[in-house]
Amino acid sequence: MLSVKWIKLSTQMFEDEKIRLIESMPEADTILIIWVKLLAQAGRTNASGYIFLSENIPYTDEMLATLFHRPVTTVRLALETFKQFGMIEIDDQSFIRISNWDKHQSLEGLEKIREQNRQRVAKHREKKRLESGNATGNVTCNKNVTDIDKELDIDNIYVEIINYLNRAAGKNFRHTTPATRKVIKARWNEGFRVEDFKTVIDNKIADWLNNNDMSQYLRPNTLFGTKFESYLNQKPEKKDPPDPGSPAPFNYDINAGEDWHED
């Protein structure tokens with residue numbers, strides 16, 4: 001996973017209410033240094049603001065104290081302060097995530113990186129197409145899909161796809177989860193691209209979001225699994241609007257009305 005080489009810090013940072021409150025604390029300077037170190041660590045991890053040793057191992061307080069060269073008690077105080085102020089989130093598996101991570105990144109810069117990657121892959125494909133030029137060559141080109149994938153900074157693709165799903169479905173999936181990355185990469189190596197993933201998400205959101213039984217399947221393993229292509233090609237269901245000129249259906253209940261009896 002490539003690390004981000006920079007983070008953004010606003011020149012108005014010290015006018016922020018949360019920072020001003022931290023400055024009033026006894027360990028203010030150390031806590032603020034820890035905050036900047038957390039931002040830098042999140043950039044090195046490059047996982048949408050998450051900070052971890054590996055995808056399966058979160059940092060402990062003691063680990064961060066060692067990395068930041070600060071007392072563990074101060075690190076704990078800092079983390080608790082950041083959590084209370086909504087500056088970080090800590091999930092039930094103890095993974096730390098910087099809240100509003102995007103504001104510490106240049107979205108224009110990230111888009112520029114994505115565009116450079118797209119252009120590099122397009123050039124690579126064109127080169128292979130020109131080298132092949134026949135059916136045998138086409139098979140060779142298909143075999144090189146994985147090599148193309150190795151050249152691509154695919155972390156940005158994982159982020160874009162999972163963020164799109166999270167926004168559409170109101171979920172909180174992590175793009176760093178190995179099972180999620182596995183199904184996305186499998187479809188990617190079959191030739192599907194980001195817009196295909198978004199189309200599948202849109203199709204199944206329309207089908208399942210308001211269905212209590214099916215909404216649980218709005219998850220990466222289901223959406224991007226073996227039925228991906230059928231989800232991609234499904235036609236949106238169209239319901240014919242009622243004819244305004246048609247009379248309302250008449251339901252006659254023989255049991256309704258007055259009671260009667262035969263004399």
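The exercises below work through a predicted model of one protein chain, each with a solution in steps.

Residues are numbered from 1 along each chain as its sequence is written. Local features need pLDDT of at least 70 and side-chain atom pairs pLDDT 80 or more, while totals for chains, interfaces and linings use all residues, and side-chain values use heavy atoms, without hydrogens and water.

**Exercise 1. The whole chain**

Task: State how many helices and strands the protein chain has, and what share of its residues is buried.

Solution.
- Step 1. Helices (H or I, at least four residues) and strands (E, at least two) are DSSP runs, numbered from the N terminus. The protein chain has 12 helices and 4 strands.
- Step 2. Buried means under 20% relative accessible area, exposed over 50%, and partly exposed in between (1.4 Å probe, protein chains only). Of the 263 residues, 37% count as buried.
- Step 3. The accessible surface (Shrake-Rupley method, 1.4 Å probe; for residues, only the protein chains shown count as cover) comes to about 17,100 Å², and 50% of it belongs to carbon and sulfur atoms.
- Step 4. A contact means heavy atoms within 4.5 Å. Among contacts between residues at least 6 apart in sequence, 67% join residues at least 24 apart.

**Exercise 2. Helix H3**

Task: Find which residues of helix H3 (residues 61-68) are buried, and what covers them.

Solution.
- Step 1. The buried residues of H3 are Leu64, Ala65 and Phe68.
- Step 2. These residues lie on the same side of H3, because they cover an arc of only 105 degrees around the axis. The arc is taken from the directions that run from the helix axis to the C-beta atoms.
- Step 3. Their cover includes helix H2 (28-45), helix H4 (72-84) and strand S4 (96-98).
- Step 4. In H4, one can look at threonine 74. Threonine 74 is buried, with a relative accessible area of 8%. Leaving aside neighbours within four places in sequence, threonine 74 is in contact with Glu27, Thr30 and Ile34.

**Exercise 3. The nonpolar cores**

Task: Describe the largest nonpolar core and name the elements that give two or more residues to it.

Solution.
- Step 1. A nonpolar core is a set of buried Ala, Val, Leu, Ile, Met, Phe, Trp, Tyr and Cys residues joined through side-chain atoms within 4.5 Å. In soluble globular proteins, nonpolar side chains tend to be buried together.
- Step 2. The largest core has 24 residues, and those with the most contacts inside it are Trp35, Leu38, Leu64, Phe82 and Ile98.
- Step 3. Helix H1 (17-23), H2, H3, H4 and S4 each give two or more residues to this core. H2 provides the largest share, 7 residues.
- Step 4. Apart from this core lies another of 22 residues, among them Ile157, Phe197, Leu218 and Tyr231.
- Step 5. Leucine 223, in helix H11 (residues 220-223), is buried at a relative accessible area of 1%. Residues up to four places away in sequence not counted, leucine 223 touches several residues, including Leu165, Trp208, Leu218 and Tyr231.

**Exercise 4. The sheet**

Task: Give the order of the strands in the sheet and name the edge strands.

Solution.
- Step 1. Two strands pair if DSSP finds at least two bridges between them.
- Step 2. The 4 strands form an open sheet in the order S2-S1-S4-S3, with antiparallel pairing.
- Step 3. The edge strands are strand S2 (57-58) and strand S3 (88-90), since each pairs on one side only.
- Step 4. Strand S1 (residues 50-54) and S4 pair over 2 bridges. Isoleucine 51 has isoleucine 96 in S4 as its bridge partner.
- Step 5. H2 packs on the sheet and touches S1, S3 and S4, its direction making about 65 degrees with that of S1. Axes are lines fitted to C-alpha atoms, for helices over the stretch in contact, and angles run from 0 to 180 degrees between N-to-C directions.

**Exercise 5. Positive phi**

Task: For histidine 69 and serine 94, give phi, the loop and the exposure.

Solution.
- Step 1. Most residues other than glycine have a negative phi.
- Step 2. Histidine 69 has a positive phi near 60 degrees. Histidine 69 sits in the loop between H3 and H4 and counts as exposed at 65% relative accessibility.
- Step 3. Serine 94 has a positive phi of about 70 degrees. Serine 94 is in the loop between S3 and S4 and is partly exposed, with a relative accessible area of 40%.
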